[in-house]
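User: Please take a close look at one part of this model for me. I want to know about the main pocket, the ligand and what sits around them.

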Amino acid sequence: MDRIAVVPGSFDPITLGHLDVIERAAGLFDVVHVVVVHNPDKSALLPVAQRASLIERSISDAGFAGNIIVASWSVGLLVDYCEDVGAQVLVKGIRSQVDVAYETPMAIVNRNLAKVETIFMLPDPAHAHVSSSLVRQVAGLGGDVSPYVPTAVAEYLQRR
Ligand code: PNS
């Protein structure tokens, strides 16, 4: 049986921290689905389709293995997507105690809903301070975000 994982998130936009987690998940599982989820609790910078397209570009530019699928999900529970693709595991990056507090209830609910396990992955320390919200703020105020995001994202944000 293939070991299939889902790396979900808003990815608004994808950062180097996300890319690190995706690469490491792809090394641990047979197939990894990177799923852009519309999070109604957050006001978005980029449309979901654009976020997915930037993830595709970033993965291709980084030359990652071919076992990564990029998708988006906006209807229903994330565990429904997991069930549809036969994924047993969610992989989430955890940078701090704040992330642990945010992610723990979701991990418990997802396991209760559909026996989907969540694995927390510590970031590479080089990316431990990087977040999409920080990138959105710096980019919005005209700052250079190239140290924090893949080149495709930096170029896209600069063009905007
Ligand atoms: O990058 P984010 O915004 O922290 O990701 C959060 C996300 C999108 C993974 C989370 O909000 C989510 O799983 N949403 C899907 C809706 C769902 O299944 N909710 C119930 C279980 S938590």
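Analyst: What follows starts at the pocket and works outward to the surrounding parts. Keep in mind that this is a predicted model.

Start with the pocket itself. The largest pocket has a volume of about 1,100 Å³. Its lining counts 40 residues, and the closest to the pocket centre are Gly-9, Ser-10, Lys-42, Tyr-102 and Glu-103. By class, the lining holds 18 nonpolar, 15 polar and seven charged residues.

Which elements build that lining? Strand 1 (4-9), helix 1 (16-28), strand 4 (89-93), helix 4 (97-114) and helix 5 (132-140) each give at least two residues to the lining of the largest pocket. Helix 4 gives the largest share, with eight residues.

Now the ligand. Around the ligand are Gly-9, Ser-10, Val-37, Asn-39, Lys-42, Leu-77, Leu-78, Lys-92, Tyr-102, Met-106 and Asn-110. Gly-9, Ser-10, Lys-42 and Tyr-102 are among these residues around the ligand, and they are also among the residues closest to the centre of the largest pocket.

Three of the ligand's polar approaches can be given with distances. In the side chain of Ser-10, an N or O atom is 2.5 Å from an oxygen atom of the ligand. Asn-39 places a polar side-chain atom 3.0 Å from a ligand oxygen atom. Leu-78 uses its backbone instead: an N or O atom there lies 2.8 Å from an oxygen atom of the ligand.

Ser-10 and Asn-39 lead on to a second space. The search of the whole structure finds one cavity of 30 Å³ or more. The largest cavity has a volume of about 60 Å³. Ser-10, Asp-12, His-38, Asn-39, Lys-42, Ser-43, Ala-44, Arg-51 and Arg-136 line it. That lining has one nonpolar, four polar and four charged residues. Ser-10, Asn-39 and Lys-42 thus appear in the cavity lining and around the ligand.

Next, the stretch that follows Ser-10. Phe-11 is in the loop between strand 1 and helix 1. The phi of Phe-11 is positive, about 50 degrees, although the residue is not a glycine. Is Phe-11 buried or exposed? Its relative accessibility is 2%, so Phe-11 counts as buried. Pro-13 is in the loop between strand 1 and helix 1 as well. The peptide bond from Asp-12 to Pro-13 is cis, with omega near 5 degrees. Asp-12 is also one of the residues that line the largest cavity.

Lys-115 also has a positive phi without being a glycine, near 55 degrees. This residue is in the loop between helix 4 and strand 5. Is Lys-115 buried or exposed? Lys-115 is exposed, because its relative accessible area is 71% and the cut-off for exposed is over 50%.

Two histidines deserve a look. His-33 lies in strand 2 (residues 31-37). His-33 has a relative accessible area of 7%, so it is buried. Its side chain makes a polar contact with the side chain of Tyr-81, at 2.8 Å. Beyond four places in sequence, His-33 touches Ile-4, Ala-5, Val-6, Val-7, Ile-69, Tyr-81 and Val-85. Ile-4, Ala-5, Val-6 and Val-7, among those contacts, fall within strand 1 (4-9), which helps line the largest pocket.

His-127 is in the loop between strand 5 (117-121) and helix 5. With a relative accessible area of 17%, His-127 is buried, because the cut-off for buried is under 20%. Leaving aside neighbours within four places in sequence, His-127 is in contact with Leu-16, Gly-17 and Asp-20. Leu-16, Gly-17 and Asp-20 fall within helix 1 (16-28), another contributor to the pocket lining.

Last, Leu-54. This residue is found in helix 2 (residues 48-62). At 3% relative accessibility, Leu-54 is buried. Its contacts, not counting residues up to four places away in sequence, are Ile-14, Leu-46, Ala-152, Val-153 and Tyr-156. One of these partners is far along the chain: Leu-54 and Ala-152 are 98 residues apart in sequence, yet 6.5 Å apart in space, C-alpha to C-alpha.

Note on methods
Residues are numbered from 1 along each chain as its sequence is written. This is a predicted model: local features need pLDDT of at least 70, side-chain atom pairs count only at pLDDT 80 or more; totals for chains, interfaces and linings use all residues. Side-chain values use heavy atoms; hydrogens and water are left out. On a 1 Å grid over the protein atoms alone, a cavity is a set of points where a 1.4 Å probe fits but cannot get out, and a pocket is an open set with protein on both sides within 12 Å along at least five of seven lines; lining residues have an atom within 4 Å of a point. Grid points are joined across faces, edges and corners, and a volume is the space filled by probe spheres set on the points. Helices (H or I, at least four residues) and strands (E, at least two) are DSSP runs, numbered from the N terminus. Ala, Val, Leu, Ile, Met, Phe, Trp, Tyr, Cys and Pro count as nonpolar, Asp, Glu, Lys and Arg as charged, and the others, Gly among them, as polar. Buried means under 20% relative accessible area, exposed over 50%, partly exposed in between (1.4 Å probe, protein chains only). A polar contact is a pair of N or O atoms within 3.5 Å; within protein, one must be able to donate a hydrogen and the other to accept it, and residues adjacent in sequence count only if both atoms are side-chain atoms. Contact means heavy atoms within 4.5 Å. A residue is near a molecule or strand if one of its heavy atoms lies within 4 Å of it.
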